[in-house]
Amino acid sequence: MMKKVSFNWKSTWWPLQKHNYLVVKLGVSVLLVCLVFRLFYPRSAGFSQVSDVPFDENVSSLSASPPPLDSFSLPLNFDQNSSNGTQSSDGRSDSDGFSQVDKASQENENEGICDLFIGDWIPHPEGPVYTNETCDWIEGHQNCMKNGRPDTGYLYWRWSPRDCELPQLNPKRFLELMRNKAWALIGDSISRNHVQSLICMLSKVEKAVQIYHDEDYKSRKWLFPSFNFTVSVVWSPFLAHAAIFEDYNGVSTSEVELHLDKLDATWTEQFKSLDYVMFSSGEWYVKSAIYYKNNTVVGCHYCPKRNFTERGFDFAYHEVLKNVFNYIIKSNHKGMVFFRTITPEHFENGEWFSGGTCNRTEPVKEGQFPRTELNKILRNIELEEFSKASTNAAEKGVNLKLFDVNPLSLLRPDGHPGPYRFFQPFAKDKNAKIIKDCLHWCLPGPIDTWNDLLMEMVVNG
């Protein structure tokens, strides 16, 4: 091709050179400038591709009917170009799910500061520290062993930060450190999933005793008697005051009524009595909702039958996180407060209501599993609001920490119950169509690593 072009240039430019040498020189100069520009600027920022990965519904409760497609549309002010990914200096792109905080982590590595959340999953022949037979507190939907999941390879991996060692949680030492202390994880069903993992690991030393549960068993509290140590899960999926009109199967009769300026008293009333707290939210914000401030409607997210202004779930999530962080900072809390980033889902070949699956049996490497657009939006909101809050928290002496398990969890599409959310799903029919759970985590499973990270942060800051 280049030989052909050279030949054409010669045959075309020779007559011009003969008649107008200055014109030839000018033309060659322009051509060279264009060539240099092309070499240094190979892409135009205005032509980035738009991901066509569909948004995945939250499966905190798996309904038999799909949600309206429009309810997961991008927020009105979402810049698609900004989420499609730009190539970084180390070859990673934002679109692979490693951006913003991950780039800062790379800088920390260069400065010799270890980031616990940047690393790799490596083989771990010893396997988990507990099983479904040694722990009584695994919820049925996450009990993959009991429910008949045939493969076990997902149990034999551990997280290894790239520039430091991450020891496994020592249950005895952890309980000693937590003597006369109170823990609470506040959020949705992923927080409940996490609490059960922690309870199971600690129960290797002493069996936990349940001392409280609400009517629906969504908020619960356990006691380790010998250590006077309590662990709670507090059900507050929005962290703000919300009226939710849906049943156990996730079937709604009306939009959520979410008060953006009122935090949920379920957790605020006990916040100051807690020594360690972990907040998380996110997934529930994609649900159809009407937004209130001062008891007055200020808009909604996906309410086509209502005459309200569409504000988008991103608007609501920003507002509530600001209020949550402001409350934490003003409270002058003397314990340790964590904010956990949103967990990724791993549906492939569809969504939870349209045949989506998670059949992988081992971890993936960076860039091999894309983060959904919805997950990117929610995570970016979290990082933005946390970044602003952390500066104020430091000034006020509040110990606020980011628990950023999103990137490392993205690499574990093999760790979900899938069809084994249900007991022996293929016992009667090997070809049965079963709704898959590709959001929550098998217990034991990858989520146990979160507790290794938690202890390291508690012990060594």
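This is a working chat about the strands, helices, salt bridges and surface of a predicted model.

Me: How many helices and strands are there in the protein?
Reply: The predicted model has 11 helices and 13 strands.

Me: And how much of it counts as buried?
Reply: Of the 461 residues of the protein, 50% count as buried. The accessible surface comes to about 22,700 Å², with 53% of that area belonging to carbon and sulfur atoms. As for contacts between residues at least 6 apart in sequence, 74% of them join residues at least 24 apart.

Me: OK, the sheet with 7 strands: what's the order?
Reply: The order is 4-5-6-3-9-12-13, in an open sheet with mixed pairing. Its edge strands are strand 4 and strand 13 (399-403), each of which pairs on one side only. On average, and with direction ignored, neighbouring strands of this sheet are turned by 15° against each other.

Me: Which strands does strand 3 pair with in the parallel sense?
Reply: Strand 3 pairs in the parallel sense with strand 6 over 6 bridges, and in the parallel sense with strand 9 over 4 bridges. On the strand 6 side, Leu185 stands opposite Val233, while Ile186 stands opposite Phe279 in strand 9.

Me: Is strand 3 buried or exposed, then?
Reply: Strand 3 is mostly covered, since 6 of its 6 residues are buried. Ala182, Ala184 and Ile186 point one way from the strand, and Trp183, Leu185 and Gly187 point the other way, with all of them buried.

Me: Which helix lies across strand 3?
Reply: Helix 6 (residues 189-202) lies across strand 3 (182-187), and also across strand 5, strand 6 (229-235), strand 9 (276-279), strand 12 (336-340) and strand 13. The helix runs at about 160° to strand 6.

Me: Back to strand 4, how does it pair with strand 5?
Reply: Strand 4 and strand 5 (residues 220-224) pair in the antiparallel sense over 4 bridges. One of the residues involved is Tyr212, whose bridge partner in strand 5 is Lys221.

Me: What does Tyr212 form on the surface with Val209 and Ile211?
Reply: Together, Val209, Ile211 and Tyr212 form a nonpolar patch with about 280 Å² of accessible area. Val209 is found in strand 4 (residues 209-213) and counts as partly exposed, at 39% relative accessibility.

Me: Now the other sheet, what's the order of its 4 strands?
Reply: That open sheet has the order 7-8-10-11, with mixed pairing. Strand 7 (240-243) and strand 11 (296-301) are the edge strands, each pairing on one side only. Neighbouring strands of this sheet are turned by 25° against each other on average, direction ignored. Helix 8 (residues 313-330) packs on the sheet, where the helix touches strand 7, strand 8, strand 10 (289-293) and strand 11, and its direction makes about 35° with that of strand 8.

Me: How many bridges join strand 7 to strand 8?
Reply: The two strands are joined by 4 bridges and run antiparallel, with strand 8 covering residues 256-263. Across this pairing, His241 stands opposite His259 in strand 8.

Me: Switching topic: how many salt bridges does the structure hold?
Reply: The structure holds 16 salt bridges. One of them joins the side chains of Glu348 and Arg360 at 2.7 Å, N to O. Both residues lie in the loop between strand 12 and helix 9 (373-396), so the pair ties together parts that are 12 residues apart in sequence. Glu348 is partly exposed, with a relative accessible area of 22%, and Arg360 is also partly exposed, at 30%.

Me: What about Lys388 and Glu384, how many residues apart are they?
Reply: They are 4 residues apart in helix 9, which means that about one helical turn separates them. Their side chains meet in a salt bridge at 3.9 Å, N to O. Lys388 counts as partly exposed at 42% relative accessibility, and Glu384 is partly exposed at 39%.

Me: And which residue does Asp437 meet in a salt bridge?
Reply: The side chain of Asp437 meets that of Arg421 at 3.0 Å, N to O. Both lie in the loop between helix 10 and helix 11, 16 residues apart. Asp437 is buried, with a relative accessible area of 0%, and Arg421 is buried as well, at 7%.

Me: Which residues are linked in a network of salt bridges?
Reply: Asp120, Arg162 and Glu366 are linked in such a network.

Definitions and conventions:
Residues are numbered from 1 along each chain as its sequence is written. This is a predicted model: local features need pLDDT of at least 70, side-chain atom pairs count only at pLDDT 80 or more; totals for chains, interfaces and linings use all residues. Side-chain values use heavy atoms; hydrogens and water are left out. Patches are made of residues with over 30% relative accessible area and no salt bridge: like charges are joined within 9 Å, nonpolar side chains (Val, Leu, Ile, Met, Phe, Trp, Tyr) within 5 Å. Accessible areas come from the Shrake-Rupley method with a 1.4 Å probe; for residues, only the protein chains shown count as cover. A salt bridge is a side-chain nitrogen of Lys or Arg within 4 Å of a carboxyl oxygen of Asp or Glu. Buried means under 20% relative accessible area, exposed over 50%, partly exposed in between (1.4 Å probe, protein chains only). Two strands pair if DSSP finds at least two bridges between them. Axes are lines fitted to C-alpha atoms, for helices over the stretch in contact, and angles run from 0 to 180 degrees between N-to-C directions. Contact means heavy atoms within 4.5 Å.
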